[in-house]
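Thanks for making the time this morning. I would like to walk through one model with you, and I will try to keep each statement tied to what was computed.

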Amino acid sequence: MPAQPTVEINQPEAISSDSHSPIYYTGKTKSDLHHFKHSANFPKFKQEYEQAIQSIIDFYKQHAPNQGQNKIISEWLGNKTTVEDRLKEFKTSLFSESSDDRLRSLYQAKKSIEAIAQSLQEERSISTATKMDEIRELAGKIMLCGSGVHSHIIGAKLSLTAPSGELSDNFSTYKDTIAHAVITEFISHHLLDTSGGVHIFNKFLNHFSQALNFTPIYDEYSDLAFISTVALEWCQNALQEALAPYSLTDKLATDHWNNLHNIIGDAAEWEQINNILAGVKSSYKPINVYALIEEAPDSPGKYRLRQDKTWLQVEIAKQLSLLPSQIAWIDWTPIAVEGRRLQRIGDLFWQEIDGELSPPTIEDLVKHLTQVAYEQLIDGIARAKEQDAPLLSEIDPQYLQVTNAKDLALFFSKLGAERSIEYVKVNLLWFNRLVFNPLITTFLTLTPERLATIPTHLLNKANATQLSQFFAKLGAERGIEYVKTNLLWFNELKFNPLITTLLTLPPEQLATLSTDLLCHLSNEELISFFLKLGDKKLIRYAQDHPDWSAKLTLSLQALIKVLSTMPDSEVANVDTSFLHWINLYSVVMRS
């Protein structure tokens, strides 16, 4: 649907010549505001604004539990009221408020309020629950100072904006959403003084408004907030990393691909798919049809949407180069890196051979690590073959995100167990700084004999499940020997990863185990151990190991569960030393 024409009031005395065009206020001074409030456009502006707010209220009441009567706590004000009452209060204040500074910001927020009202009526990818959460959150903040409310309204609008068929709209929304998220996270993680709240956020946003093609938010209080040059540089670096060609085109390509997938459905004939694409009303044109369709590998003569999005990303990047620049630091012009085969736009790399576009090779990615997007590097690692392992081992670990366990596990799985061991040896300080262990899955591909030789420092930060899998692969006998050899390491664990494997042994062998192997057992694990031992061996084991037995803290309920499996005659003969940690009078002896 084409965008509706608008009238933006830069001159307060301007009058709309089109009665169907929405009225927007863009004045900057108190004088502008005064003239606008007495202009011929103001009654229509007021009516449109009130209708948009009422539309939000109506949507909330329609979908809210208890007819919207549940109370919310207003931020800063602290009082409780309903969402409807708070939004009505906001609506009333817009045209009865005497503070021109507050109204100046709120009048500029009208377009965003209308966008929120419109998005609530659209049945696209945003759930009703998400819409309701955003309305509740906004209602709790909507009576704050004008510049703060304006910023919160823009945030809600971005959260409720679903992808459309318009490339320029999608790009602008995604850019704005990411910028808001980056600035918010940066402030929360790097600024010690956040007492300025939303005004500090507005100061950051306004500082980058020209570079990111934002409309600045009028905020007289933001001038009071001090932000160092260093903080601004750090924040800009974070924005440049987040708003880079690869991530932008990947998001846009994914949204477009998902939309086309819903439209095409099960169509598999070239002509049929081509006709469907030709009939799609979308601003993603002209996209080369070969960037969208490929032959199905398991069905010769049949076609499908391309599973790899590289070609589509490049096509979208070419279209973005034709739009007015929205991010100052991005040049969308392709650059030939090596001859004409390998090309790039910023951190987006691809190769082009005889007109066919495809992802860069592993060799290309490793060679250009300092310029390649992290996501494209991981995609290349996922596509790596066994013969690519030597190239992967050349990757400096500084280019692998240390907080992403899934990606690191993928990396080591592609390296293979033996190369992974060598990689960690070379980069041991980096490995020891990880807060998880990405090696275990790869280690489980080794034979039990080789696994038994793994040094314990390579098991650093492994969790209980991972170590249980490690000992399961070793088997009970090798597991016992591994623990005996590394008893100090085993005792320092806060759980017992060996017990599940030990319980595969027959009762006769369990009865001979050293208590060194039974440290850190939970109640449930103790119960399983006792039940596997059986009644007679259970009593004998406790009597043979009185010091270990005395340290047990088995609960009364757990003990009764064990005793209930024993014959009556055996329960009556349980040695009292085995029961010292409970009140014997609490036990109902079935004999």
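I will start with the chain as a whole, then take one helix, the empty spaces, and a few single residues.

Please keep in mind throughout that this is a predicted model. The protein chain has 591 residues, of which 46% are buried, and its secondary structure comes to 31 helices and ten strands. If we take the contacts in the chain with a separation of 6 or more, 62% of them are between residues 24 or more positions apart.

Let me turn to helix 10, which runs over residues 229–242. With 14 residues at 1.5 Å a residue, helix 10 should span 20 Å, and its end C-alpha atoms are indeed 20 Å apart, so the expected and the computed values agree. Which residues of helix 10 are buried? They are Ala231, Leu232, Cys235 and Leu239, and, seen down the helix axis, the buried residues fall within an arc of 95 degrees, so they line one face of helix 10. The general background here is that an α-helix has 3.6 residues a turn, so residues three or four places apart point the same way. The buried residues of helix 10 pack against helix 8, residues 167–190, and helix 9, residues 198–207, while the face turned away from the buried side carries the exposed residues Thr229 and Glu241.

Glu241 comes up again when we look at the pockets. The second largest pocket holds about 640 Å³ of space, and of the 23 residues that line this pocket, the closest to its centre are Glu241, Ala373, Tyr374, Glu375 and Gln401. Helix 8, helix 10 and helix 15, the last of these covering 374–383, are the elements that give two or more residues to this lining. By class, the pocket lining has 13 nonpolar, six polar and four charged residues.

The closed spaces make a useful second case. There are three cavities of 30 Å³ or more in the structure, and the largest cavity holds about 60 Å³ of space. Its lining consists of Ile53, Ile56, Leu87, Phe90, Ile113, Ile135, Leu138 and Ile142, with helix 2 (42–63), helix 3 (83–94) and helix 6 (128–141) as the elements that give two or more residues. By class, the lining of the largest cavity has eight nonpolar residues, no polar and no charged.

Next, a single charged side chain: is arginine 344 buried or exposed? Arginine 344 belongs to strand 8, residues 342–345, and because its relative accessibility is 18%, against a cut-off of under 20%, it counts as buried. Leaving aside residues up to four places away in sequence, arginine 344 touches Thr333, Pro334, Ile335, Val337, Phe349, Trp350 and Gln371. Proline 360 is 16 residues from arginine 344 in sequence, and the C-alpha atoms of the two are 9.8 Å apart.

Finally, there are two backbone angles to mention. Most residues other than glycine have a negative phi. Asparagine 213, in the loop between helix 9 and helix 10, nevertheless has a positive phi of about 55 degrees, and at 45% relative accessibility asparagine 213 counts as partly exposed. Aspartate 354 has a positive phi near 55 degrees and sits in the loop between strand 9 (348–353) and strand 10 (356–358); at 80% relative accessibility, aspartate 354 counts as exposed.

Technical notes. Residues are numbered from 1 along each chain as its sequence is written. This is a predicted model: local features need pLDDT of at least 70, side-chain atom pairs count only at pLDDT 80 or more; totals for chains, interfaces and linings use all residues. Side-chain values use heavy atoms; hydrogens and water are left out. Helices (H or I, at least four residues) and strands (E, at least two) are DSSP runs, numbered from the N terminus. The expected span of a helix is 1.5 Å times one less than its number of residues. Buried means under 20% relative accessible area, exposed over 50%, partly exposed in between (1.4 Å probe, protein chains only). The arc is that of the directions from the helix axis to the C-beta atoms. Contact means heavy atoms within 4.5 Å. On a 1 Å grid over the protein atoms alone, a cavity is a set of points where a 1.4 Å probe fits but cannot get out, and a pocket is an open set with protein on both sides within 12 Å along at least five of seven lines; lining residues have an atom within 4 Å of a point. Grid points are joined across faces, edges and corners, and a volume is the space filled by probe spheres set on the points. Ala, Val, Leu, Ile, Met, Phe, Trp, Tyr, Cys and Pro count as nonpolar, Asp, Glu, Lys and Arg as charged, and the others, Gly among them, as polar.
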